[in-house]
Structure formats: structure tokens, C-alpha cells
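Here is a friendly walk through one protein model, written for someone who likes cut-offs stated openly. Please keep the viewer at hand while reading.

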Amino acid sequence: ATAGDAPALATGDEAPWLVRYGMPLAAVGVAAIRLVHWLRRRTAPMSAAAAHRLIGRMFLIAMPIAALCSVWAASSWWLSVPGQRSYYPMFVVMGTLTTAFCLAPVRGATLSVMAAGIGPVVALLIVAGNWMDLIAVAITLLAAAFLVRLVLDQHGQQVEMLMLRRRLQRQAMTDPLTGLANRRALHMAAEEFFAAGGAGAALVLIDLDGFKPVNDRHGHAAGDLLLIAIGGRLRAQAGEAATVARVGGDEFAIWLPGCDAETLDVRASALLATLAAPFPIDGQPIRIGASAGLARAPDDGASLLDLMRSADEALYAAKPQRDTAPTATVSPLAPLAAATRPRRSRKARR
């Protein structure tokens, strides 16, 4: 559109004002308004849904502008003197190809802009039947075909890169054995919650009891299958809003956003209860015990690290209360005196 201002001034006086100035100025005005809007919001964080809407708006804005410029070029070509006609298709074709290249990451918008920007001009030159115009059409179509091929190849490469990036991000945030979240993903979920000003979240730490004998008796492969099955039950019980993470060899953490004090004990008991039924591993039922420590924001901490410490203390307090048999027990946060007791090693807690 900006390239159209200069040739617009060269249009003969017999051309209507709308053709000489109205069309190019309208295209420039729409593009300027969109540019100002983008500059004001370019630093704002963007979600996947917002990016999808941006692409849709880009398509709706770029295609009409390209069509307007192409109609302007065709009208100016038709109304100008013969010596000046060749400039209009040249300006529009060059502007359209340049715009299409800039829109290359958005394949649909690129192809639509090329069709809307080049189509009317090419059709008019073909109808004119002049040999030089036909040569210009052939050159334009070759350049457009080359750009289309380039855009398609670039789009495929970008899709592969995005898929690879997504896989790497998923691997960096996922426990490789169970497919649950890892410590990093747990920390990110909590940080996003606190950054958004959320309140009323809770953390449940679950430690398995008697897991080492399972490995000793049935083998490490059976132990891995047991951990996978435990993770599946916890994830199903916790719900979609929760983040279930494996934070140690046989230790799991469940981040529960929007969980108040009244429902925390109930949800923690339900999580432990889901582990009470035997797990069919390699054709034989395996039972496993579990203990849990609870902490809730903001009462027990305003960060995940604080909640982890509080839930850890509660978990230590729950361990001595267990019977020797592998039963599931749950302990809410212990009193302050118990929470500040000296820590014991994992081996001592077993």
C-alpha cells in the first residue's frame, strides 16, 4: 500500500479522485492503524488462543488490503496513458510478493494475499493481449510459484521445529518413567498460581511405604510398573486442575489449586484411598502402603518451597504413627513444635 502513493501521483488527471488517492490512502490508513495497535501490545504475553485469534485477524486484514491495492493498480492501469501503464502492475506485484514473504509463517494468509494481490492484475494483463504484458505475466507467475514453494517448505520446517520444541519442553517437564510432572513442572504450576494472585492452594506429599521390598521380591521391572500404576491412579483421582508430580524415587506431590482447609483432608484421604486396592502387576496383586503430609497456602507458606517444608514435616510426623503393616495413613500439618523437630534421614524414616 505504501508503494502505491508514488505511482498514484502519476495517474492522469482524467482518473477519478477515488482511484488516484482514495484507494491507496485507505490501504495505508488501515495498515497504520493496525501497526499502532500491534506496537502497543507487542510486549504483552500471548497465550495459544490469543495467537490463534491474531492469525485470524491478520488473515482478515491482509487479504482485503491486498485486494484493494490490486484493484487500484488495475484501475490505474486502465485509466493511465500507455507510457505509464507498466508501472502499476510492477509496483503491486513487488509489494504483494514482499508482503507475502513477510507473512510466510502464516501459510493461509500468505497464499490468500498473493491470490488477492496478483490475481486481478494478472487477469487484466492477459485480457489486454499485449506481448510485453504477457511476458510480464509469465515472469510474475514464475516469481509467485517460487515464493509459494518457498513458503510451503518454510512452513513445513517451522512445524517440525515447533513439534520438536514441544517434545523437548514436554521431556523437560515430565518424569520419564511415569509420565507425570516432575519437580520443575510442579514449581512452574505453583509459580503461575501465585503470580496470578491465587489463594487457597494446597500441597499433598505422598510417600510409599514398603516399596523397597517390592523391588527386592518382584524385581525392578515390577517396581517400575507399580510406580506407573500409582501415578495413573493419583492423576485420575486428583482431577484435571491438579498437578501430580513424581518428586523422588517413591515420593509424589499433588498440587491442588483452589483447595480450602475444609476439603483438604477429604481430598488427601481420597488420594490415599485410591492406593489401597491391590495393583495387578505381572498377573499378581501387589499392595503398597502410603503416608501423606499436607500443607496449605497461605497458612503454611506463600511459596512452593515453604509448602514443601511444611508438608515434609507433616509427612515425618505421620511416619511414626503407622503400624508395621502397610496401611495408608494421612497426617495434616503437625503443630509448630512437631514441625520444627530435627529431621531424620529417609533411611531412618523407613
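The report below goes from the overall make-up to helix packing, salt bridges and a few single residues.

## Ground rules and overall make-up

This is a predicted model, in which local features need pLDDT of at least 70 and side-chain atom pairs count only at pLDDT 80 or more, while totals for chains, interfaces and linings use all residues. Residues are numbered from 1 along each chain as its sequence is written, and side-chain values use heavy atoms, with hydrogens and water left out.

The protein has 13 helices and 7 strands. Both kinds of element are DSSP runs numbered from the N terminus (helices are H or I with at least four residues, strands are E with at least two). Of the 350 residues in the protein, 40% are buried. Here buried means under 20% relative accessible area, exposed means over 50%, and partly exposed lies in between (1.4 Å probe, protein chains only). Contacts, meaning heavy atoms within 4.5 Å, reach far along the chain: among those between residues at least 6 apart in sequence, 69% join residues at least 24 apart.

## Two helix pairs

Let us begin with helix H9 (residues 220–238) and helix H10 (residues 261–273), whose axes come within 9 Å and cross at roughly 150°. That angle makes H9 roughly antiparallel to H10. The axes are lines fitted to C-alpha atoms, for helices over the stretch in contact, and angles run from 0 to 180 degrees between N-to-C directions; over 145 degrees counts as roughly antiparallel. The crossing of H9 and H10 is right-handed, a label for the near helix being turned clockwise from the far one by less than a right angle. On the H9 side the contact is made by Leu 234, Gln 237 and Ala 238, and on the H10 side by Arg 267, Ala 270 and Leu 271. By class, this contact has 4 nonpolar, 1 polar and 1 charged residues. In this scheme Ala, Val, Leu, Ile, Met, Phe, Trp, Tyr, Cys and Pro count as nonpolar, Asp, Glu, Lys and Arg as charged, and the others, Gly among them, as polar.

The second pair is H7 and helix H11 (residues 304–318), which pack at an angle of about 115° with their axes 10 Å apart. From H7, Arg 183, Leu 186, His 187, Ala 190 and Phe 194 meet Leu 304, Leu 305, Leu 307 and Met 308 of H11. The residues of this contact divide into 7 nonpolar, 1 polar and 1 charged.

## Salt bridges

How many salt bridges does the structure hold? There are 5, each defined as a side-chain nitrogen of Lys or Arg within 4 Å of a carboxyl oxygen of Asp or Glu. The table lists some of them.

| Acidic residue | Basic residue | N to O distance |
|---|---|---|
| Asp 175 | Arg 246 | 3.3 Å |
| Asp 216 | Lys 212 | 3.0 Å |
| Asp 299 | Arg 296 | 2.6 Å |

Asp 175 lies in the loop between helix H6 (131–172) and helix H7 (183–195), and Arg 246 in strand S2 (residues 243–246), so their salt bridge ties together parts that are 71 residues apart in sequence. Both Asp 175 and Arg 246 are buried.

Lys 212 and Asp 216 are 4 residues apart in helix H8 (residues 211–218), a separation of about one helical turn. Lys 212 is exposed at 51% relative accessibility, and Asp 216 is exposed at 55%. As for Asp 299 and Arg 296, Asp 299 is exposed at 55%, whereas Arg 296 is buried at 14%.

## Single residues to look up

Phe 211 is found in helix H8 and counts as buried, at 9% relative accessibility. Leaving aside residues up to four places away in sequence, Phe 211 touches Gly 223, Leu 226, Leu 227, Asp 250 and Ile 288. Phe 211 and Leu 226 are 15 residues apart in sequence and 9.2 Å apart in space, C-alpha to C-alpha.

Two backbone details also deserve a look. A cis peptide bond joins Ala 297 and Pro 298, with omega about 5°, and Pro 298 sits in the loop between strand S6 (289–296) and H11. Asp 282 has a phi near 55°, a positive value in a residue other than glycine. Asp 282 belongs to the loop between strand S4 (279–281) and strand S5 (284–286), and is exposed with a relative accessible area of 57%.

How values were computed
Angles under 35 degrees count as roughly parallel, over 145 as roughly antiparallel, 65 to 115 as roughly perpendicular and the rest as oblique.
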